[in-house]
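Q: Please take a close look at how helices pack together in this structure, and at the side chains and backbone positions that belong to that picture. A connected account, with the cut-offs behind each term, would be most useful.

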Amino acid sequence: MQKKILFVHGMFQNSRSWDRWAGFFSEHGFACSAPDWPCHAGEPAELRENIPPGLGQLTLEEVVDSIAAECDQTGDLPIVIGHSVGGLIAQILAARNLASAAICISSVAPNDLIAADWHLLKNVAAITNPLKGHEPYIITPEAFHASFCNTMSVEESNEAYVATATHDSRQVLRDCLGRMGHINLSDPHVPLLFVSGDSDHIIPSILNRRNCEHYKDPNCITEHVEFPNRGHFICGDPNWEQVAAFTHDWLLARMAELAPVEARA
């Protein structure tokens, strides 16, 4: 039976951001799915033009519940590959025994872990701004280039924006910094891989490394790899396939540890 992979997108993206990764892993024998968060289904251009009702009120708990419902809780659990907030969701699902492994790419960190990085702090402050209430955060092509695609040309970034960018809920990131973003990092866990880009303007590589190092069980697999000249759009930039191939090879090397895990009652 094919091993399943569940791809989880992050903020300002939807499932379309995983099209090439899902194709790559399908060609390598995996059964792939990439569910949309609530209020994120559809073509990104249409979602930008017509903001879905309720987007501004969307919470992290609602997102996690919707993704958890996609996990097979009968024992054949998926590998979860998540980007940004999707990386935090992958960690949450792993902690709930709903994943057989988790690949956390440019991942938001749990437990209020933070780094003294100007770009990170500026983005967090702008998105979580309490004065904006539940007003959706509108991401512009200029902001997308500055934060997501800073290692790419303006032309490449604009193409990525048109194809993949969505507006998003400020509340999701607020929740990441609160109770919903907490994980017991001392518990045993399934294999975890943290992937970062050394030029990421949203989640600095040092934060991914700290996230990895905070897992405490010495008997569990927890690894971090940094790719040079990569920004936050590491899964979609012109060299995305190198990252996908590394992820594929890492999974193959650890297939023996990806035995089905019984879900918690």
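A: The account below begins with one helix pair and then moves outward from it.

The model is predicted, so local features need pLDDT of at least 70 and side-chain atom pairs count only at pLDDT 80 or more, while totals for chains, interfaces and linings use all residues. Residues are numbered from 1 along each chain as its sequence is written, and side-chain values use heavy atoms, with hydrogens and water left out.

Helix H1 covers residues 19-27 and helix H10 covers residues 240-253; helices (H or I, at least four residues) and strands (E, at least two) are DSSP runs numbered from the N terminus. The two pack at an angle of about 40 degrees, with their axes 11 Å apart. Here an axis is a line fitted to C-alpha atoms over the stretch in contact, and the angle runs from 0 to 180 degrees between N-to-C directions. H1 is therefore oblique to H10, a term for angles that are not under 35 degrees (roughly parallel), over 145 (roughly antiparallel) or 65 to 115 (roughly perpendicular). The crossing of H1 and H10 is right-handed, meaning that the near helix is turned clockwise from the far one by less than a right angle, whereas anticlockwise would be left-handed.

On the H1 side, the contact (heavy atoms within 4.5 Å) is made by Arg-20, Trp-21, Phe-24 and Phe-25. H10 contributes Trp-240, Glu-241, Val-243, Ala-244, Ala-245, Thr-247, His-248 and Leu-251. By class, the contact of H1 with H10 has eight nonpolar, two polar and two charged residues; Ala, Val, Leu, Ile, Met, Phe, Trp, Tyr, Cys and Pro count as nonpolar, Asp, Glu, Lys and Arg as charged, and the others, Gly among them, as polar.

Several of these contact residues recur in an aromatic cluster, which is formed by Phe-7, Trp-18, Trp-21, Phe-24, Phe-25, Phe-30 and Trp-240. Trp-21, Phe-24 and Phe-25 come from the H1 side of the helix contact and Trp-240 from the H10 side.

Another tryptophan, Trp-250, also lies in helix H10. Trp-250 is buried at a relative accessible area of 4%, where buried means under 20%, exposed over 50% and partly exposed in between (1.4 Å probe, protein chains only). Not counting residues up to four places away in sequence, Trp-250 touches Ile-103, Pro-191, Leu-192, Leu-193, Ile-221 and Glu-223. Between Trp-250 and Ser-15 there are 23 Å, C-alpha to C-alpha, for a sequence separation of 235 residues.

Leading into H1 is the loop that follows strand S1 (4-8), and Phe-12 is found in this loop. Phe-12 has a positive phi of about 65 degrees although it is not a glycine, and at 5% relative accessibility it counts as buried. Most residues other than glycine have a negative phi. Cys-39 likewise is not a glycine and has a positive phi, of about 70 degrees. Cys-39 sits in the loop between strand S2 (31-33) and helix H2 (44-49), and its relative accessible area of 27% makes it partly exposed.

A second helix pair can be set beside the first. Helix H3 (residues 60-68) and helix H4 (residues 85-95) have axes that come within 11 Å and cross at roughly 60 degrees. Their crossing is right-handed. H3 supplies Leu-60, Val-63, Val-64, Ile-67 and Ala-68 to the contact, and H4 supplies Val-85, Leu-88, Ile-89, Ile-92 and Leu-93. By class, this contact of H3 with H4 has 10 nonpolar, no polar and no charged residues. Ser-66 has its place in helix H3 and is partly exposed at 21% relative accessibility. The C-alpha atoms of Ser-66 and Asp-36 lie 8.7 Å apart, with these positions 30 residues apart in sequence numbering.

Aromatic pairing also occurs elsewhere, and a search of the whole structure finds 14 aromatic pairs. The rings of Phe-144 and Phe-148 have centres 4.7 Å apart and planes at 15 degrees, so this pair is stacked; pairs of Phe, Tyr and Trp (six-membered ring) need centres within 6.5 Å, with planes under 30 degrees apart for stacked, over 60 for edge-to-face and the rest tilted. Phe-144 is buried at 0% relative accessible area, and Phe-148 is buried at 2%. Ser-157, in helix H7 (residues 154-164), is buried with a relative accessible area of 0%. Leaving aside neighbours within four places in sequence, Ser-157 is in contact with Phe-144, His-145, Cys-149 and Met-152.
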